[in-house]
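Visitor: I'm new to reading protein structures. Could you show me one and explain how its labels are earned?

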Amino acid sequence: MARRSFIRGTGGYLPEKVLTNDDLAHMVDTTDEWIRERTGIKRRHVAADGELTSDIATAAARSALEAAGIPVSEVDLIVLATTTPDQTFPATATAVQAKLGMTGGAAFDVQAVCSGFLFALATADSMLKQGLFNTAVVIGAETFTRILDWSDCGTCVLFGDGGGAAVLKAEEWSGEPLSGVITHHIRTDGTKSDLYVDGGVSSTGTIGHVRMEGNRVFKHAVTNISSAIQAIYDETGLTGADIDWFVPHQANKRILDGVAKKMDIAEEKVIVTVDEHANTSAASIPLALNHAVRSGRAKSGDLILSEAMGGGFSWGASLFRL
């Protein structure tokens, strides 16, 4: 018998305000056709004035807990992936802890930009397997539009706000080894600086804005993500044919298509939500996973492969069975 963590529920939240490509065309020099052809994005959601990352994260967490049928009183760990915290400190996860009414356990943030949810999932999975905690809510939540330069059409068209969550429960398990949360492959390369924010507490004392060299990011994304997926294939002996659903980070439709093709994953297995909410950074994978589950496509027992790449560079892949 060994401890293993299982995903027992998913949830998501998107702010009410929607900003379409046509709306953006009135703000910067772009068009709906230009955005859709290069990214696949049609619209994105924008947090309301006064709506915080912790509010979005809390709504996503509540949705996931309700789906799991697990009360807050059983939760003893929150791991929140975000690049846009409420404050420099304390951790935004502690605000979520308070808003949920969770009175014990631990709550903390992780920061790996668009790869954040996978880093948070790997962290929570490891802690549950070690017996440090029993029930975790893993969240990706962002108010990413607040770090955009709305005069830069190369970045402002790409991102949106939102939150997604998954509830993990630890169990003693002696059954099929490819069950529950199976494995992760996460990496970073600090020498790459093609995607970053030009501000920070220690460097400039400002929040800064997102900056990106799009062509170089695209090249590294396909290469690095594919290497992470191949590492999982090599470890498990699986191939793209064995995967029921591919739930990638929703950065750009061209990246999704490129990685799926390179890794021999059939197009009909790819979950795509980037058209509806753009790149929500750490929130995009749990939002896409929740969409797959709530739409009835992904069902209990299905084998899910997920991947992401973010600034830093950070990247990774995770394999789990619902």
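**Labels and what earns them**

Guide: Let's start with helix H7, residues 253-262, where Ile-255, Leu-256, Val-259 and Ala-260 are buried. Keep in mind that this is a predicted model.

Visitor: What makes the buried residues of H7 line one face of the helix?

Guide: Look down the axis of H7: its buried residues fall within an arc of 125 degrees, so they sit along one face. What covers them includes helix H6 (214-236) and strand S11 (245-248).

Visitor: Why is the pair Arg-8 and Glu-171 called a salt bridge?

Guide: The cut-off is a side-chain nitrogen of Lys or Arg within 4 Å of a carboxyl oxygen of Asp or Glu. Arg-8 and Glu-171 have N to O at 2.4 Å, so the pair makes the cut. Arg-8 lies in strand S1 and Glu-171 in strand S7, so the bridge ties together parts that are 163 residues apart in sequence.

Visitor: How do you know whether Asp-125 is buried or exposed?

Guide: Buried means under 20% relative accessible area. Asp-125 has 2%, so it counts as buried.

Visitor: And why is Lys-129 called partly exposed?

Guide: Partly exposed covers what falls between the buried cut-off, under 20%, and the exposed one, over 50%. Lys-129 has 30%, so that's its label.

Visitor: What makes Asp-125 and Lys-129 a salt bridge?

Guide: Their closest N and O atoms are 3.2 Å apart, and the limit is 4 Å, so they qualify. Both are in helix H5, 4 residues apart, which means about one helical turn separates them.

Note on methods:
Residues are numbered from 1 along each chain as its sequence is written. This is a predicted model: local features need pLDDT of at least 70, side-chain atom pairs count only at pLDDT 80 or more; totals for chains, interfaces and linings use all residues. Side-chain values use heavy atoms; hydrogens and water are left out. Buried means under 20% relative accessible area, exposed over 50%, partly exposed in between (1.4 Å probe, protein chains only). Helices (H or I, at least four residues) and strands (E, at least two) are DSSP runs, numbered from the N terminus. The arc is that of the directions from the helix axis to the C-beta atoms. Contact means heavy atoms within 4.5 Å.
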